[in-house]
Amino acid sequence: MNYKTWLLSHTKKHREIVGRLKAKGFSDEMVIDYFEYENMRKNEAEFCLLYSEGKKCHDINYLNCYLCACPSFRFSDNGLKTEDGITVYSECALSSKNGSQYEHANTLHQDCSGCDIPHKKEYISKNFDLDWLKIMERCEKH
Ligand code: SF4
């Protein structure tokens, strides 16, 4: 499965959960709280492969999955661009100071392991939209 196919499938799952919660009368804040890792692991096992392994993508206490996949992460299976013979496969639209890039065999990849921006409740609340794709579109303009 390439990244775009995975992203579309993940977005579909996200939309289905949000639609179900809204139909039950959840407020926006309740929707955000529902996406906390511990709750999602218990109630939405299909949303992430890591849930069944009891693992988190980031080793942090509070982890919210609402903005997964991170709307600022850019990736192309064919490379986003090539500069000085190096193909950039992924990058951060926010240029997060806690993110980094690593080079391997003339390719450059974004390393988000040190960045928890999209997993914090404050950031999600500030950028909230029921439609994850709209948040991604807004990030494109930053
Ligand atoms: S934020 Fe991390 S733990 Fe949550 S769904 Fe995404 S990859 Fe899985």
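**Close-up views of a predicted model**

**View A. Strand β3 runs parallel to strand β6 (residues 107-111), and two bridges join them.** The model shown here is predicted, as in every view below. Look for V88, which stands opposite L108 in β6. Strand β6 also pairs with β5, this time in the antiparallel sense, over five bridges. One of the residues to find there is Q101, whose bridge partner in β6 is Q110. β5 and β6 form a hairpin with two residues between the strands. At this hairpin, A105 takes a positive phi near 45 degrees.

**View B. The whole chain holds five helices and six strands.** What is the order of the elements from the N terminus on? They run α-α-α-β-β-β-β-β-β-α-α. The C-alpha trace spans about 55 × 35 × 30 Å along its principal axes. How does the radius of gyration fit the chain length? A compact globule of 142 residues would have a radius of gyration near 14 Å, and the chain's 16 Å agrees with this. Buried residues make up 18% of the 142 residues. Contacts across the sequence also matter for reading this view. Take the contacts with a separation of 6 or more: 45% of them come from residues 24 or more positions apart.

**View C. Nine named residues surround the ligand: Y37, F47, C48, L50, K56, C57, C65, C68 and H119.** What kinds of residue make up this shell? Seven are nonpolar, one is polar and one is charged. Start with C65, a member of the shell. Leaving out residues up to four places away in sequence, C65 touches F35, Y37, M40, F47 and C48. Move next to C68, which is also in the shell. A cis peptide bond joins C68 to A69, with omega at about 0 degrees. A69 sits in the loop between α3 (37-43) and β1.

**View D. The largest nonpolar core has 14 residues.** Which members touch the most other members? They are F35, C65, Y66, L67 and C70. C65 appears again here, and F35 is one of its contacts. In soluble globular proteins, nonpolar side chains tend to be buried together.

**View E. V18 lies in helix α1 (residues 3-23).** Is V18 buried or exposed? The cut-off for buried is 20 or more other C-beta atoms within 10 Å. V18 has 20 such neighbours, so V18 counts as buried. Not counting residues up to four places away in sequence, V18 touches V31 and L130. Trace the path from V18 to F35 as well. These two are 17 residues apart in sequence and 9.5 Å apart in space, C-alpha to C-alpha.

**View F. S76 lies in the loop between β1 (73-75) and β2 (81-83).** S76 has 15 C-beta neighbours inside 10 Å and therefore counts as partly exposed. How far is S76 from N2 in sequence and in space? The two are 74 residues apart in sequence, yet 8.8 Å apart in space, C-alpha to C-alpha.

**View G. D84 lies in the loop between β2 and β3 (86-88).** D84 is not a glycine, but its phi is positive, at about 50 degrees. Is D84 buried or exposed? Exposed, because D84 has 5 C-beta neighbours inside 10 Å. The cut-off for exposed is 12 or fewer.

**View H. L94 lies in the loop between β4 and β5, and S95 lies in the loop between β4 (90-92) and β5 (100-104).** S95 has a positive phi of about 50 degrees, although S95 is not a glycine. S95 is exposed because 9 other C-beta atoms lie within 10 Å. What about L94? L94 has 17 C-beta neighbours inside 10 Å, so L94 counts as partly exposed. Now find C139. L94 and C139 are 45 residues apart in sequence, but 7.8 Å apart in space, C-alpha to C-alpha.

Conventions: Residues are numbered from 1 along each chain as its sequence is written. This is a predicted model: local features need pLDDT of at least 70, side-chain atom pairs count only at pLDDT 80 or more; totals for chains, interfaces and linings use all residues. A residue is near a molecule or strand if its C-beta atom, placed from the backbone, lies within 6 Å of it. Ala, Val, Leu, Ile, Met, Phe, Trp, Tyr, Cys and Pro count as nonpolar, Asp, Glu, Lys and Arg as charged, and the others, Gly among them, as polar. A nonpolar core is a set of buried Ala, Val, Leu, Ile, Met, Phe, Trp, Tyr and Cys residues joined through C-beta atoms within 7 Å. Two residues are in contact if their C-beta atoms, placed from the backbone, lie within 7 Å. Helices (H or I, at least four residues) and strands (E, at least two) are DSSP runs, numbered from the N terminus. The radius of gyration is taken over C-alpha atoms; the globule rule is 2.2 Å times the number of residues to the power 0.38. Two strands pair if DSSP finds at least two bridges between them.
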